[in-house]
Amino acid sequence: MRRTTSLLWIDCAGGLVVGILVLSFAHWLSALYALLVGFVVTMGTANLAYGTFSLYLARCALRPRALLLLLVVANISWAVLCAITAVVMATQASYFGLAH
């Protein structure tokens with residue numbers, strides 16, 4: 001199995017598992033993070049969408065370079081959004097929520 005393929009399978013599994021867990025425990029995580037349930041559900045949904053797109057790429061025999069680049073941009077964008085969210089919600093979220 002090529003390295004890219006292995007990484008994509010790990011990537012999609014991580015996104016899908018985290019998305020399912022976050023959505024399954026949204027109310028509990030909302031209390032733990034001190035954030036609105038809707039916000040936690042949005043995070044879980046974003047993880048599922050990302051995992052689904054990554055799964056699509058993992059299953060492709062030929063992966064268009066543009067779609068791989070889109071996946072990289074999605075990862076960078078998610079990191080930036082998480083940092084912005086931590087700053088914006090610093091006074092509202094719990095320390096655990098901010099650390100996550």
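Here is a friendly walk through this predicted model, as questions and replies.

Me: Happy to start simple: how many helices and strands does the secondary structure of the protein have?
Reply: From the N terminus on, the elements run α-α-α-α-α. The C-alpha trace of the protein spans about 45 × 25 × 20 Å along its principal axes. The count comes to five helices and zero strands.

Me: What share of the 100 residues in the protein is buried?
Reply: A residue counts as buried when its relative accessible area is under 20%. The protein exposes about 6,700 Å², and carbon and sulfur atoms supply 74% of that area. Of the 100 residues, the buried ones make up 27%.

Me: Among contacts with a separation of 6 or more, what percentage joins residues 24 or more positions apart?
Reply: One pair to look at is Thr5 and Arg63, which sit 58 residues apart in sequence and are in contact. For the protein, residues 24 or more positions apart account for this share of the contacts with a separation of 6 or more: 64%.

Me: Now to Thr5: is this residue buried or exposed?
Reply: Thr5 has its place in helix H1. Leaving out residues up to four places away in sequence, Thr5 touches Ala58 and Arg63, and its C-alpha is 9.7 Å from that of Arg63. Its relative accessibility is 12%, and because the cut-off is under 20%, Thr5 counts as buried.

Me: Which backbone oxygen lies 2.4 Å from a polar atom of the side chain of Ser30?
Reply: Ser30 is in helix H2, residues 26–33, and is buried with a relative accessible area of 8%. Beyond its neighbours within four places in sequence, Ser30 is in contact with Leu35, Leu36, Val37 and Val40. The backbone oxygen at 2.4 Å from its side chain belongs to Leu35.

Me: And Ser94: which residue offers the backbone oxygen that its side chain reaches at 2.7 Å?
Reply: Ser94 lies in the loop between helix H4 (65–88) and helix H5 (95–99). Setting aside neighbours within four places in sequence, Ser94 is in contact with Leu32, Tyr33 and Ala34. The backbone oxygen that its side chain reaches at 2.7 Å is that of Leu32.

Me: On to the pockets: which element gives the most residues to the lining of the largest pocket?
Reply: This pocket has a volume of about 430 Å³. Of its 20 lining residues, Phe39, Met43, Trp78, Cys82 and His100 are the closest to its centre. The elements giving two or more residues to the lining are helix H1 (3–24), helix H3 (37–59), H4 and H5. With six residues, the one that gives the most is H4.

Me: How many charged residues are in the lining of the largest pocket?
Reply: Sorting the lining by class gives 15 nonpolar residues and five polar ones. The number of charged residues is therefore what the class count states, with Asp, Glu, Lys and Arg as the charged class: no charged residues.

Me: Which element gives the most to the lining of the second largest pocket?
Reply: The second largest pocket has a volume of about 210 Å³. Its lining is made by Ala46, Asn47, Ala49, Tyr50, Phe53, Ala74, Asn75 and Trp78, and H3 and H4 are the elements that give two or more residues. By class, these residues divide into six nonpolar, two polar and no charged. The element that gives the most, with five residues, is H3.

Technical notes
Residues numbered from 1 in each chain as written. Predicted model: local features only at pLDDT ≥ 70, side-chain atom pairs only at ≥ 80, totals over all residues. Heavy atoms only, no water. Helix = DSSP H or I, 4+ residues; strand = E, 2+ residues; numbered from the N terminus. Polar contact = N/O pair within 3.5 Å; in protein donor to acceptor, adjacent residues only side chain to side chain. Contact = heavy atoms within 4.5 Å. Buried < 20%, exposed > 50% of the residue type's maximum accessible area, 1.4 Å probe, protein only. Areas by Shrake-Rupley, 256 points an atom, 1.4 Å probe, with all protein chains shown as cover. 1 Å grid on protein atoms, 1.4 Å probe; cavity = no way out; pocket = protein on both sides within 12 Å on 5 of 7 lines; lining within 4 Å. Points joined across faces, edges and corners; volume = space filled by probe spheres on them.
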